[in-house]
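This briefing goes through selected parts of one structure, strand by strand and helix by helix. Please keep the sequence and the 3D view open while reading.

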Amino acid sequence: MNPPIKRRLLFGERMLLGDGTEPFNVVIAFRLRGSFTLKEIQQALARIQNKHPWLRALISYDEKNIPWFNVPEKPASIPVRIITRQSEDQWQEESRKEWNTNFNYEKLPLIRFIWIKGENVSDMLFAFHHCLCDGGSAMAFSHEFLKVLDNPAAEIGVEKPILGIEDVVPASILNSRRQKMKARFIGRLAATAIKCIPVGRKAVERQNDYLIHWKLDETVSKQLIDYCKSQKVTVNTFLSAAVLQAFKKVRGEKSFNKVSCPVDIRRFARQIKEDHIFAFGLMIVVSSDEKLSFSDNLRAMQKSVEQKTSKLNPYITMMVMESGHDALNNFTRLLKNGKSSNDCMFSNLGRIKIPHQYKAFSVDTIFSPTVIGPLGNTTTMVTSTYRGEMDFSFMGSEGYLPYTDALAVRDEVIQTIHSQLKQMAVS
């Protein structure tokens, strides 16, 4: 029997949770070759639930209507849904279904498992609420799941969960009078500004959500990585530049020349371990200079990215946000009803370090996570690299970016990659 564990949701988690009526779900899909039984899958899911308390958690509200993660003494298992595998792209259809299915989080965990069961090939999906964790955490528990699915006796340890801001922000900063005053001042300033920003009466009609998926083969992926090294820029910067250029070409005057890029908080806050179940992220906005050539832009953008990243301070950011719980509703309304000001969110998870070959099965591929939520512009591109192949998931909604435009953006991004690699080969 595990002792009950609880903690209040942080500001960012509450924002992602909303009022619970609209899903904000992330889906991670992977393809396995081998045969499995339901019992083996359930045992593996139980193992990762045993390791991570928040995978057992429900959400309950206190007398002030503030949500808490609450791990019951007798937790519910991760629900499993099984369907017969009929096509290669079925995982996309099921992902879209999962985006729009709410979690009954007062009775069941904030995570579920979908098994698209084939003869010798299965697609498996983890769907979870974004307030539970980010893509980095999900990759960690997916790795653990595969490890114990292969070997039920494998050691995966036990997570010492984050129980509040004091487990992330060092005491010297959290208890510093100066830092507390600074955080409160910035928080009040932001809360006042948010109240003053005019927002529409109602949110944009999202209409149909869609998912566009593609891969770069191993050769092109390697050439792109080599090209970025030769230009002294990150793959992230290159792809951000390609995305910005694509939106400009396809959308013209309707483009914003802005891409939001999440930055992994674990790079700055060492207290948050790779396998911590945690949803809080940092963000920078990237733009390009339309007067510069593509390659000159790359260097200018790389410099800007490094400057912006160096100024990120996860501790003060968290303290500011935690001082602003009373401004949450205004902030959420601004995100939902305010005018869109960026082209898309672009996230690169980098190389996925999950083994390909296990004793009982092999991992054919891991698809980049997909996500869609109710907080404003849903246009999001996620990329990751597994077994040397770059994989892209591009999500959006007709109300923000028409599907035909999204397809054209994808084609432009692919075209930019190939034309830059061709230029390098010539020079």
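The notes below cover a sheet, its central strands, the helices that lie across it, a pair of packed helices and two single residues.

The model is predicted. Six strands form an open sheet in the order S8-S15-S14-S11-S9-S10, and their pairing is mixed. Helix H8 lies across five strands, namely S9 (259-263), S10, S11, S14 and S15.

**The sheet as a whole**

- The edges of the sheet are strand S8 (209-216) and strand S10 (282-286). Each has a single partner strand, so one side of each has no neighbour in the sheet.
- On average, neighbouring strands of this sheet are turned by 20° against each other, with direction ignored.
- S8 pairs with S15 in the antiparallel sense, over eight bridges. In this pair, Ile212 is opposite Phe394 of S15.
- S14 and S15 also run antiparallel and are joined by seven bridges.
- The pairing of strand S11 (residues 344-351) with strand S14 (residues 380-386) is parallel and spans five bridges.

**Strand S14 and its partners**

- S14 is largely enclosed by the rest of the structure, because seven of its seven residues are buried.
- Thr380, Val382, Ser384 and Tyr386 point one way from S14, whereas Met381, Thr383 and Thr385 point the other way. Residues on both sides are buried.
- Towards S15, Thr383 stands opposite Phe392, and Ser384 has Asp391 as its bridge partner.
- Towards S11, Asn348 has Thr383 as its bridge partner in S14, and Arg351 has Thr385.
- Two residues separate S14 from S15 in a hairpin. Arg387, in the turn, has a positive phi of about 55°.
- S15 (389-397) is mostly covered, with eight of its nine residues buried.

**Thr385 in detail**

- Thr385 belongs to strand S14. Its relative accessible area is 11%, and it is therefore buried, the cut-off being under 20%.
- Apart from neighbours within four places in sequence, Thr385 is in contact with Gly350, Arg351, Ile352 and Met390.
- Asp343 lies 42 residues from Thr385 along the chain, and the C-alpha atoms of the two are separated by 23 Å.

**Helices across the sheet**

- H8 (residues 235-251) has 17 residues. From its first C-alpha to its last it reaches 24 Å, close to the 24 Å expected at 1.5 Å a residue.
- H8 runs at about 150° to S11.
- Twelve of the 17 residues of H8 are buried, which leaves the helix mostly covered. Among them are Val235, Phe238, Leu239, Val243, Leu244 and Phe247. The buried set also includes Thr237, Ser240 and Arg251.
- An α-helix has 3.6 residues a turn, so residues three or four places apart point the same way.
- Gly252 follows H8 and has a positive phi, near 55°.
- Helix H3 (residues 90-99) lies across S8 and S15, and it runs at about 140° to S8.

**The H2 and H4 pair**

- Helix H2 (residues 38-51) packs against helix H4 (residues 135-150) at an angle of about 130°, and their axes are 9 Å apart.
- H2 and H4 are oblique to each other, because about 130° lies between the 65 to 115 range counted as roughly perpendicular and the values over 145 counted as roughly antiparallel.
- The crossing of H2 past H4 is right-handed.
- On the H2 side, the contact is made by Glu40, Ile41, Ala44, Leu45, Arg47, Ile48 and Lys51. On the H4 side, Phe141, Glu144, Phe145, Val148 and Leu149 take part.

**Asn330**

- Asn330 is located in helix H11 (residues 328-337).
- Asn330 is buried because its relative accessible area, 17%, is under the 20% cut-off.
- When residues up to four places away in sequence are not counted, Asn330 touches Ile194 and Lys195.

Note on methods: Residues are numbered from 1 along each chain as its sequence is written. This is a predicted model: local features need pLDDT of at least 70, side-chain atom pairs count only at pLDDT 80 or more; totals for chains, interfaces and linings use all residues. Side-chain values use heavy atoms; hydrogens and water are left out. Helices (H or I, at least four residues) and strands (E, at least two) are DSSP runs, numbered from the N terminus. The expected span of a helix is 1.5 Å times one less than its number of residues. Buried means under 20% relative accessible area, exposed over 50%, partly exposed in between (1.4 Å probe, protein chains only). Contact means heavy atoms within 4.5 Å. Two strands pair if DSSP finds at least two bridges between them. Axes are lines fitted to C-alpha atoms, for helices over the stretch in contact, and angles run from 0 to 180 degrees between N-to-C directions. Angles under 35 degrees count as roughly parallel, over 145 as roughly antiparallel, 65 to 115 as roughly perpendicular and the rest as oblique. A crossing is left-handed if the near helix is turned anticlockwise from the far one by less than a right angle, and right-handed if clockwise.
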